[in-house]
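Dear colleague,

Please find the structure below, for your examination. My notes on it follow.

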Amino acid sequence: MRVLIVEDDAALGLFLQKGLKLEGHEVEWVGDGESGLRYAEEHRPDLIVLDLSLPRKDGTEVLAEMHGRFDETAVLVLTGRSQVEERVKCLNLGADDCLLKPFSFHELTARCRALLRRREQFADPVLRHGDVELNRMERKVTRNGQSIELTVKEFSLLEFLLMRRGQCCSRSELLRDVWQMSPDAGTNVVDVYVNYLRRKLAVAGADSELGASVIETVRGEGYRMSVGRKTVARVGVRPESMAFAGA
C-alpha cells in the first residue's frame, strides 16, 4: 500500500513513516499542505494520513482541493481539535475517517486497513492485467480466455498483486495481508506460492505479450505484475501502544 503522511510535527511524521514502513507499506512523509497536494497529484497514493493544523495550506483546504479529484485515494484525518463540528466538516469535505489526537499507533493502522477494505468492496469486481482477468464476485480467473483453477490462497495472492499492479509488493506485505502472518515470519511460503501461481498462469500465456511468466521478481524487494516482454528483459538490480498529543 502506498501511504502519504502530511504532518508538520517532524517527530510524529517520522515515527508514523517508520512504523508504517515496518508494517510493509511504501510511505512518504511531507510537512505542509502544499507539498502534500503536489505529491498526491503526482503519485496518487492509496491512503493519505492528513493532519489538520498544517503550514502553507490547512488540512481543510487540502481536503477541499482534493474533493472530487482523488476519489481512488482514502483519507484519514488526524486532529487535535475535539469539536464535533470540525470532524463533521472534514467528513463533508471528503475525508473517510477522523482520528482524534492523542491516538494509539495500533488504532491508526487498524483504521487504515479498514478504510482500504471498505474501498475495495466497492471497486470493480473484475481485475484485469493484459490478458489476465480475475472476477472477485464469481471467484474465477481466466487468461487468454482459458479458465484457470486456483486454490483459495493462490486466488488471494493473485488478487492482491492485481489490486496493486504497477507497484512492487514486498514479501512482508504479502505475508501480512494475504497470509495474516507476522511480516517478520521466517518462512518462504510467499516464494512457494508465487511459483505455483506462475506455473498455472504460464500454461495459458505462452503467446501472450506479457510473456508466459506474468509475475516478475523485483530483486531484493518482492514481486509485481509483469509489464511486458521488453521491459521484463531489462529488470535487473532494482526497478523502481504509543500515544501522541498534538495541536
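**Notes on the predicted model**

Arg44 sits in the loop that joins α2 (33–43) to β3. The structure is a predicted model, and Arg44 is one of the residues whose backbone deserves a look: its phi is near 45°, a positive value in a residue other than glycine. With a relative accessible area of 30%, Arg44 is partly exposed.

A second arginine has a positive phi as well, of about 60°, although it is not a glycine: Arg139. This residue belongs to the loop between β7 and β8. Its relative accessibility is 45%, and Arg139 therefore counts as partly exposed.

One further backbone feature concerns a proline. The peptide bond from Lys101 to Pro102 is cis, with omega near -5°. Pro102 lies in the loop between β5 (97–100) and α5 (105–121).

**Confidence**

The mean pLDDT of the protein is 83, and 86% of its residues reach 70 or more. Among the elements, strand β3 (residues 47–51) has the highest mean pLDDT, at 95, and helix α9 (residues 229–234) the lowest, at 38. Over residues 230–247 pLDDT stays under 50; the model has 34 contacts beyond four places in sequence for this stretch. Where pLDDT is low, the predicted coordinates should not be read in detail.

**The four-stranded sheet**

An open sheet of four strands runs in the order β6-β7-β8-β9, with antiparallel pairing. Its edges are β6 (126–129) and β9 (146–148); each has a single partner strand, so one side of each is left without a neighbour in the sheet. From one strand to the next, the twist averages 25°. Strand β8 (residues 140–143) pairs with β9 in the antiparallel sense over three bridges. In β9, Ser147 is the residue that stands opposite Thr142.

**The three-stranded sheet and its helices**

A further open sheet has three strands in the order β10-β12-β11, and the pairing is again antiparallel. Here β10 (169–170) and β11 (215–218) stand at the edges with a single partner strand each, so one side of each lacks a neighbour in the sheet. Four bridges join β11 to strand β12 (residues 222–225) in the antiparallel sense. Val218 has Gly222 of β12 as its bridge partner.

Two helices lie across strands of this sheet. Helix α6 (residues 152–163) lies across β10, β11 and β12, and runs at about 75° to β12. Helix α8 (residues 189–203) lies across β11 and β12, running at about 145° to β11.

**The nonpolar core**

The largest nonpolar core has 27 residues. Those with the most contacts inside it are Leu157, Leu158, Leu161, Leu174, Val190 and Ile215. At least two residues of this core come from each of β7 (132–135), α6, α7 (171–177), α8 and β12. The largest contribution is that of α6, with six residues. In soluble globular proteins, nonpolar side chains tend to be buried together.

Leu161 illustrates the packing. Its neighbours within four places in sequence left aside, Leu161 is in contact with Cys169, Leu174, Ile215, Tyr223 and Met225.

**Ser170**

Which strand holds Ser170? The residue is in β10. Is Ser170 buried or exposed? Its relative accessible area is 18%, and the cut-off for a buried residue is under 20%, so Ser170 counts as buried.

Residues up to four places away in sequence not being counted, Ser170 touches Gly24, Glu221 and Gly222. Of these contacts, the one with Glu221 links residues that are 51 apart in sequence, with a C-alpha to C-alpha distance of 5.5 Å. The side chain of Ser170 also makes a polar contact with the side chain of Ser172 (3.1 Å). In addition, the Ser170 side chain reaches the backbone nitrogen of Glu173 at 3.1 Å.

With kind regards

Conventions. Residues are numbered from 1 along each chain as its sequence is written. This is a predicted model: local features need pLDDT of at least 70, side-chain atom pairs count only at pLDDT 80 or more; totals for chains, interfaces and linings use all residues. Side-chain values use heavy atoms; hydrogens and water are left out. Two strands pair if DSSP finds at least two bridges between them. Contact means heavy atoms within 4.5 Å. Axes are lines fitted to C-alpha atoms, for helices over the stretch in contact, and angles run from 0 to 180 degrees between N-to-C directions. Buried means under 20% relative accessible area, exposed over 50%, partly exposed in between (1.4 Å probe, protein chains only). A polar contact is a pair of N or O atoms within 3.5 Å; within protein, one must be able to donate a hydrogen and the other to accept it, and residues adjacent in sequence count only if both atoms are side-chain atoms. A nonpolar core is a set of buried Ala, Val, Leu, Ile, Met, Phe, Trp, Tyr and Cys residues joined through side-chain atoms within 4.5 Å. pLDDT is the predictor's confidence in each residue, from 0 to 100.
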